[in-house]
Amino acid sequence: MKNRSTEDFSSLPYICTLLNCSLWTYYGITKPGEYLVVTVNGFGILVETIYIILFLIYAPKVIRAKTAILAMILDVGVLAAATVTTQLALQGEARSGAVGIMGAGLNIVMYSSPLAVMKTVVTTKSVAYMPFLLSFFFFLNGGVWLLYAVLVRDVILGPIDESRQKEDGAI
């Protein structure tokens, strides 16, 4: 922001994170008792919206237009399609399960995105291009959500042994 420029940064991570937070917020709304998922991801929507607005303010006109179009397609179009489709076609656990699977798929893409840099790291034999802090905080974030999933026994949020859930009467 000091330079009043987006420099070489891409808007795609912010746009995808906004979609991710939106899907998980919708998941939390469709699944009873998932207040923490709704709250955390609702805050994520706020933060990512601010990031995208700042990006649009400081981006050159051509990039600004591409970013706005991409945001409309992904953050409005994909979310609207997912919401309308699941509202019309599915009910109850099937709806929350479908939304959760969409969110989990997007999470896999997002959490693996720092691995795209690995080719550069291997070819240059330098870790200067490896986003260590991003990778580290992705790891911590995944660990916290896994712990939460185990505590609330949510198979969409984390790998839970379903046979143990059935014995405990959770399913």
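Is F136 buried, partly exposed or exposed? With a relative accessibility of 35%, F136 counts as partly exposed, because buried would require a value under 20% and exposed a value over 50%. Good morning. I shall return to this residue shortly, once the overall fold has been described. Please keep in mind throughout that we are looking at a predicted model.

Let me begin with the chain as a whole. The chain contains seven helices and zero strands. Read from the N terminus, the order of elements is therefore α-α-α-α-α-α-α. The chain has 171 residues, and 31% of them are buried. Its accessible surface amounts to about 11100 Å², and carbon and sulfur atoms account for 71% of that area. As for contacts, consider those between residues at least 6 apart in sequence: 61% of them join residues at least 24 apart.

I turn now to helix α1, which covers residues 12-30. How many of the 19 residues of α1 are buried? The count is 15, so this helix is mostly covered. Its length can also be checked. At 1.5 Å a residue, 19 residues should span 27 Å, and the end C-alpha atoms are indeed 27 Å apart, which agrees.

Two cysteines deserve a mention. C16 is buried, at 17% relative accessible area, and C21 is buried as well, at 8%. The structure holds zero disulfides.

Next, helix α2. L46 is found in this helix and, at 48% relative accessibility, counts as partly exposed. L46 and L18 are separated by 28 residues in sequence, while their C-alpha atoms are 8.6 Å apart in space.

Helix α3 runs through residues 61-89. Its 29 residues should span 42 Å, and the distance between its end C-alpha atoms is 40 Å, which agrees. Which residues of α3 are buried? They are T67, A71, L74, D75, L79, A82 and T86. When you study that list, a general point about helices is useful. An α-helix has 3.6 residues a turn, so residues three or four places apart point the same way. The cover over the buried residues of α3 includes α1, α2 and α4.

Let us now consider charged side chains. Side chains of opposite charge can pair when their charged atoms come close. A search of the whole structure finds one salt bridge. In this salt bridge the side chains of K31 and E93 meet, at 3.9 Å from N to O. K31 sits in the loop between α1 and α2, and E93 belongs to helix α4, so the pair ties together parts that are 62 residues apart in sequence. The two partners can also be described by their accessibility. K31 counts as buried, at 18% relative accessibility, whereas E93 is exposed, with a relative accessible area of 57%.

Finally, I come back to the aromatic residues. Five aromatic pairs are found in a search of the whole structure. One of them is formed by F136 and F137, in an edge-to-face arrangement: the centres are 5.3 Å apart and the planes make an angle of 75°. The residue with which I opened, F136, is partly exposed at 35%, and its partner F137 is partly exposed too, at 48%. Elsewhere, ring pairs link Y14, Y51 and F55 into a cluster.

To close, I would ask you to locate K31 and E93 in the model, since this salt bridge joins a loop to helix α4. Thank you for your attention.

Technical notes. Residues are numbered from 1 along each chain as its sequence is written. This is a predicted model: local features need pLDDT of at least 70, side-chain atom pairs count only at pLDDT 80 or more; totals for chains, interfaces and linings use all residues. Side-chain values use heavy atoms; hydrogens and water are left out. Rings of Phe, Tyr and Trp (its six-membered ring) pair if their centres lie within 6.5 Å; planes under 30 degrees apart count as stacked, over 60 as edge-to-face and the rest as tilted. Buried means under 20% relative accessible area, exposed over 50%, partly exposed in between (1.4 Å probe, protein chains only). Helices (H or I, at least four residues) and strands (E, at least two) are DSSP runs, numbered from the N terminus. Contact means heavy atoms within 4.5 Å. Accessible areas come from the Shrake-Rupley method with a 1.4 Å probe; for residues, only the protein chains shown count as cover. A disulfide is a pair of cysteine sulfur atoms within 2.5 Å. The expected span of a helix is 1.5 Å times one less than its number of residues. A salt bridge is a side-chain nitrogen of Lys or Arg within 4 Å of a carboxyl oxygen of Asp or Glu.
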